[in-house]
Amino acid sequence: MISWACGNREHTDALILLGNLYGRLAEPENAEVITDGLLAYHTAWPHTFRADGTHYVLNKSKGKNEGVPWTAYVEQHNLNIRMGYRRFTRLTNVRSKKLRSHYPSLALYFTYYNWGRPHSSLGPLTTPAMAAGLARVPLS
């Protein structure tokens, strides 16, 4: 997870998310970013990335999205987040009633996801922190 933001999917929230993403990229001029069809991303892109990078819009439609492998990738990632972070599942009593409680909870989850959670692409029981040489054993 390179960048995330908590908001209402409005123009100002898109500016925050894309601005944060731009600041984290080593080579923003080579970035290829895929977003959904939300108008806020389309209008915020020129303000944050200016002439750098390429912005693609993936409009999800009912039925099969033939030739669009990113849909499956994004949907699997969303499922991983929902299953790993119970506040995003429906019909649960684990929820944040206030945004000031939800935001730090998200920060903690994404820090764990990025550094402490074993990722199968790195090897069995290998976390990104272990791969970066920051830890010797996974968190339990």
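How many helices and strands make up the secondary structure of the protein chain? With the predicted model open and the whole chain displayed as a cartoon, you should find five helices and two strands, which follow one another along the sequence in the pattern α-β-α-β-α-α-α. If you colour the 140 residues by accessibility, 26% of them count as buried, and of the contacts with a separation of 6 or more, 38% are between residues 24 or more positions apart.

**First stop: helix H1**

Select residues 11–24, which form helix H1, and display the C-alpha atoms at its two ends. These atoms are 20 Å apart, which agrees with the 20 Å that 14 residues should span at 1.5 Å a residue. Now show the side chains of Asp 13, Ala 14, Leu 17, Leu 18, Leu 21 and Tyr 22, which are the buried residues of H1. If you turn the view to look down the helix axis, these buried residues fall within an arc of 165 degrees, so they line one face of H1. The general background is that an α-helix has 3.6 residues a turn, so residues three or four places apart point the same way. On the face turned away from the buried side, select Ile 16 and Gly 23, both of which are exposed. To see what covers the buried residues of H1, add strand E1 and helix H2, which are among the elements that do so.

**Second stop: the strands and their crossover**

Select residues 32–35, strand E1, and follow the side chains along it. Val 33 and Thr 35 point to one face and are buried, whereas Glu 32 and Ile 34 point to the other face and are not buried. Next add residues 54–57, strand E2, which runs parallel to E1 and is joined to it by four bridges; within E2, Tyr 56 is the bridge partner of Ile 34. Tracing the chain from E1 through H2 to E2, you follow a β-α-β crossover that is right-handed.

**Third stop: the nonpolar cores**

Which residues does Val 33 touch, leaving aside those up to four places away in sequence? Showing everything around the Val 33 side chain should bring up Leu 21, Trp 45, Phe 49, Thr 54, His 55 and Tyr 56. Val 33 also belongs to the largest nonpolar core, which has twelve residues, including Leu 17, Leu 18, Ala 40, Tyr 41 and Ala 44. Helices H1 and H2 (39–49) each supply at least two residues of this core. For the second, separate core, which has six residues, select Ile 81, Tyr 109, Phe 110 and Tyr 113, which are among its members.

**Last stop: three single residues**

Move to Arg 9, in the segment before H1, where phi is positive, at about 60 degrees, although the residue is not a glycine. Arg 9 counts as partly exposed, with 45% relative accessibility. Then go to Leu 125, in the loop between helix H4 (99–116) and H5, which is another residue other than glycine with a positive phi, near 55 degrees. Is Leu 125 buried or exposed? Its relative accessible area is 62%, and because the cut-off for exposed is over 50%, Leu 125 is exposed.

Finish at Ala 135, in the segment after helix H5 (128–131), which is partly exposed at a relative accessible area of 30%. Not counting residues up to four places away in sequence, Ala 135 touches Ala 129 and Met 130. A distance drawn between the C-alpha atoms of Ala 135 and Trp 115, which are 20 residues apart along the chain, should read 9.4 Å.

Definitions and conventions:
Residues numbered from 1 in each chain as written. Predicted model: local features only at pLDDT ≥ 70, side-chain atom pairs only at ≥ 80, totals over all residues. Heavy atoms only, no water. Core = buried A, V, L, I, M, F, W, Y, C linked by side-chain atoms within 4.5 Å. Buried < 20%, exposed > 50% of the residue type's maximum accessible area, 1.4 Å probe, protein only. Contact = heavy atoms within 4.5 Å. Expected span 1.5 Å × (residues − 1). Arc of directions from axis to C-beta. Pairing = 2+ DSSP bridges. Right-handed = clockwise from strand over helix to strand, strands pointing away.
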